[in-house]
Structures are given as structure tokens and as C-alpha cells.
Amino acid sequence: MKQVKCADLGNDCDFVAKGTLEEVMSQVADHATGVHKMTITDDVVAAVKGVMTEL
Ligand SMILES: [Zn+2]
């Protein structure tokens with residue numbers, strides 16, 4: 001299982017996404033666009049993958 005902490009993306013936020021790669025990317029995309037008004041660009045996807053950890 002993979003995990004991404006929103007705080008590791010530079011946000012003051014305690015959201016954590018967990019699951020498969022597809023689930024984590026989907027959860028982060030929904031959260032980032034809905035809560036942080038971010039646009040999911042290739043750079044954002046790369047950043048998310050960069051802070052992703054294996055559980
Ligand atoms: Zn967040």
C-alpha cells in the first residue's frame with residue numbers, strides 16, 4: 001500500500017491518502033483540487049510521486 005501526506009507537498013494540512021497507486025493519485029487529485037484549489041499538472045503528479053511512501 002502507498003501513502004501520500006498532503007503536508008509533504010508543502011500544504012499546512014493533515015490529509016493522508018492511502019491505497020494503491022491509482023487510489024492514492026485519485027484521492028490526492030480530488031483533495032488538492034477541492035480543498036487547495038490546485039491544478040493537477042504533470043509537475044504536481046511528479047511531486048506527489050516524489051513524496052509517496054510504501055507502507
Ligand atoms: Zn491538503
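Colleague: Which residue with a positive phi follows α1?

Modeller: The model is predicted, and the backbone angle is computed from it. The residue sits in the loop between α1 and α2. Its phi is near 55°, a positive value in a residue other than glycine. Most residues other than glycine have a negative phi. The residue that follows α1 with this positive phi is Lys37.

Colleague: Is Lys37 buried or exposed?

Modeller: A residue with 12 or fewer other C-beta atoms within 10 Å counts as exposed. Lys37 has 7 C-beta neighbours inside 10 Å, so Lys37 is exposed.

Colleague: How far apart are the end C-alpha atoms of α1?

Modeller: Helix α1 covers residues 21-35. At 1.5 Å a residue, its 15 residues should span 21 Å. The model agrees with that expectation, as the end C-alpha atoms are apart by 21 Å.

Colleague: Within what arc do the buried residues of α1 fall?

Modeller: The buried residues of α1 are Val24, Val28 and Ala32. Seen down the helix axis, they line one face, because they fall within an arc of 50°.

Colleague: Which residues are exposed on the other side of α1?

Modeller: The buried side of α1 holds Val24, Val28 and Ala32. Its cover includes β1 (2-5), β2 (16-19) and α2 (42-51). On the other side of α1, the exposed residues are Glu22, Asp30 and Gly34.

Colleague: Which helix gives the largest share of the largest nonpolar core?

Modeller: That core has six residues: Val4, Ala17, Val24, Val28, Ala32 and Val48. In soluble globular proteins, nonpolar side chains tend to be buried together. Three residues of the core, its largest share, come from helix α1.

Colleague: Which residues does Ala17 touch, leaving out those up to four places away in sequence?

Modeller: Ala17 is itself a member of the largest nonpolar core. Val4, Val24 and Val28 also belong to that core, and they are among the residues that Ala17 touches. The full set in contact with Ala17 is Gln3, Val4, Val24, Gln27, Val28 and His31.

Colleague: Is Gln27 buried, exposed or partly exposed?

Modeller: Gln27 lies in helix α1. Beyond its neighbours within four places in sequence, Gln27 is in contact with Ala17 and Gly19. A count of 20 or more would make a residue buried, and 12 or fewer would make it exposed. Gln27 has 17 C-beta neighbours inside 10 Å, so it counts as partly exposed.

Colleague: What is the order of the three strands in the open sheet?

Modeller: β1 and β2 are joined by four bridges in the antiparallel sense, with Lys5 opposite Val16 in β2. β1 and β3 also run antiparallel, joined by two bridges, and Lys2 stands opposite Glu54 in β3. The edge strands β2 and β3 (53-54) each pair on one side only. The order is therefore β2-β1-β3.

Colleague: What angle does the direction of α1 make with that of β2?

Modeller: α1 packs on the sheet and touches both β1 and β2. Gln27 of α1 is in contact with Ala17 and Gly19. The direction of α1 makes an angle with that of β2 of about 155°.

Definitions and conventions
Residues numbered from 1 in each chain as written. Predicted model: local features only at pLDDT ≥ 70, side-chain atom pairs only at ≥ 80, totals over all residues. Core = buried A, V, L, I, M, F, W, Y, C linked by C-beta atoms within 7 Å. Contact = placed C-beta atoms within 7 Å. Expected span 1.5 Å × (residues − 1). Arc of directions from axis to C-beta. Axes fitted to C-alpha atoms, helices over the stretch in contact; angles between N-to-C directions.
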